Amino acid sequence: MARFAIARLLTSVVLFFAVTLFVFVVFFVMPQPRVKGPGRGENAEELSIRDSIHLHGTMWEQYGQFVYGFVRHGYLGRSYFNRQTVSSILLTAAPVTLSLLLGGVVFWLLLAVPIGVLSALRPRSLLDRAGMVFVLIGVSAHPAWLGLVLSYVLGHKWGLFPFSGYCEFFSPTTVCGGPTQWTYHLILPWFTFALLYAALYARMIRATMLETLDEEYVRTARAKGAGELQVVRRHVLRNAMLPIVTMIGMDVGTALGGVIFIESVFGLPGLGGMLRGAIPSKDLPVILGVVMFTTVGILLLHLIVVLSYALIDPRIRHTHTAGGRRERAPARSGPVGAPAGAPASPTA
């Protein structure tokens, strides 16, 4: 497991340098406009992103300074307009976006897993058909439209939940703060964010479970007298969740695009609000900061997902490339958690 983790970590480091090189070319090699800073007329200073981060020397020296400053100090320059460091702006906005993102992931799994599992265990039943209706609604509704509808009906009209604003979880500086108020203000954004992915994941879990229920090792476990709950928990759900883990890693990264819409609808002061305000004003250091933050976040998330996948399925970490030689683990008799003597799955 240690060798597997080190190999994946080195791969993530290589990806980091590749992505940062691309970002460096886009923001510093390609021509960028000079923006008028605060002030009027002749007093307005012309600003550029290169001057903001203080790069000098050859192109490769500038790239090294850019990466070193980001890794060592988290320095990405200063905003053109409020002159605050981009890192301090990110530290203020990132917890809001992470709260929405991680809470939304938990929310969509709490919705998708029970619906998908029950639909697979009772196919073509009334519950299964109701799950299909849920899927169609979730896939068809745009997050911005759904957020506006929920904020108007449940927030403005009925007053059940706040329809805008954010409360701090730790060390609140206002009366709106603490875990209870934090959760209360994020319920509607979480549900809006989670509905689309919960619908997709419910159908994915249903499909993978139906496929796994037809495997021979599942029939073998039942023939040996294992209870239905034990079969589902140990043999079916564990193997059916393997592709779901990979999907979570990919979808959380792409879900940042939807976060921008949701933060706009509910007035959350997160990265989406920062980016939405920085693009029209051409505040390039702030845009660079959001891009770098999301890039590093996606790389870390990808690493966590790969390691989690290896923990769930031990067969993955037994195949490892080192020094140009490929080592393979002995073949298993069946999928993850399969009973002894069970025939191998054709998909294993």
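Here are some friendly notes on this predicted model, point by point.

1. First, the ground rules. Residues are numbered from 1 along each chain as its sequence is written, and side-chain values use heavy atoms, with hydrogens and water left out. Because the model is predicted, local features need pLDDT of at least 70 and side-chain atom pairs count only at pLDDT 80 or more, while totals for chains, interfaces and linings use all residues.

2. A good place to begin is the largest nonpolar core, which has 46 residues. Such a core is a set of buried Ala, Val, Leu, Ile, Met, Phe, Trp, Tyr and Cys residues joined through side-chain atoms within 4.5 Å; buried means under 20% relative accessible area, exposed over 50%, and partly exposed in between (1.4 Å probe, protein chains only). The residues with the most contacts inside this core are Leu100, Trp108, Phe193, Tyr201, Met209 and Ile244. At least two core residues come from each of several helices, including H4 (86-121), H5 (126-140), H7 and H10 (242-254). Helix H7 gives the most, with 15 residues. Helices here are DSSP runs (H or I, at least four residues; strands are E, at least two), numbered from the N terminus.

3. Another core, of 31 residues, lies apart from that one. Among its members are Phe28, Val86, Leu284 and Ile287.

4. Now for the aromatics: the whole structure holds 16 aromatic pairs. Rings of Phe, Tyr and Trp (its six-membered ring) pair if their centres lie within 6.5 Å; planes under 30 degrees apart count as stacked, over 60 as edge-to-face and the rest as tilted. Trp108 and Phe193 make a tilted pair, because their ring centres are 6.0 Å apart and their planes stand at 40°. This pair joins H4 to H7 across 85 residues of sequence. Trp108 is buried, at 0% relative accessible area, and Phe193 is buried too, at 4%.

5. Trp108 has a second partner in Tyr197: this pair is stacked, 4.7 Å centre to centre with 25° between the planes. Again H4 and H7 are linked, here by residues 89 apart. Elsewhere, ring pairs connect Phe24, Phe28, Trp60, Tyr63 and Phe66 into a cluster.

6. How many salt bridges are there? The count comes to two, a salt bridge being a side-chain nitrogen of Lys or Arg within 4 Å of a carboxyl oxygen of Asp or Glu. Asp128 meets Arg203 at 3.6 Å, N to O, and these residues sit in H5 and H7, 75 residues apart. Asp128 counts as buried, at 6% relative accessibility. Asp128 also meets Arg206, at 2.8 Å, N to O. Arg206 lies in H7 and Asp128 in H5, so this pair ties together parts 78 residues apart in sequence. Shared partners join Asp128, Arg203 and Arg206 into one network.

7. Finally, have a look at Thr212, in helix H7 (residues 179-213). Thr212 is buried, at 8% relative accessible area. A polar atom of the Thr212 side chain lies 2.7 Å from the backbone oxygen of Thr208. Beyond neighbours within four places in sequence, Thr212 is in contact (heavy atoms within 4.5 Å) with Tyr217, Val218, His235, Val236, Asn239 and Ala240.

8. Tyr217 and Val218 are also among the buried residues of H8, along with Thr220 and Ala221. These four lie on the same side of H8, because they cover an arc of only 160° around the axis (taken from the directions from the helix axis to the C-beta atoms). H7 and H9 are included in what covers them. After H8 comes Gly225, with a positive phi near 100°.

Terms used:
Polar contact = N/O pair within 3.5 Å; in protein donor to acceptor, adjacent residues only side chain to side chain.
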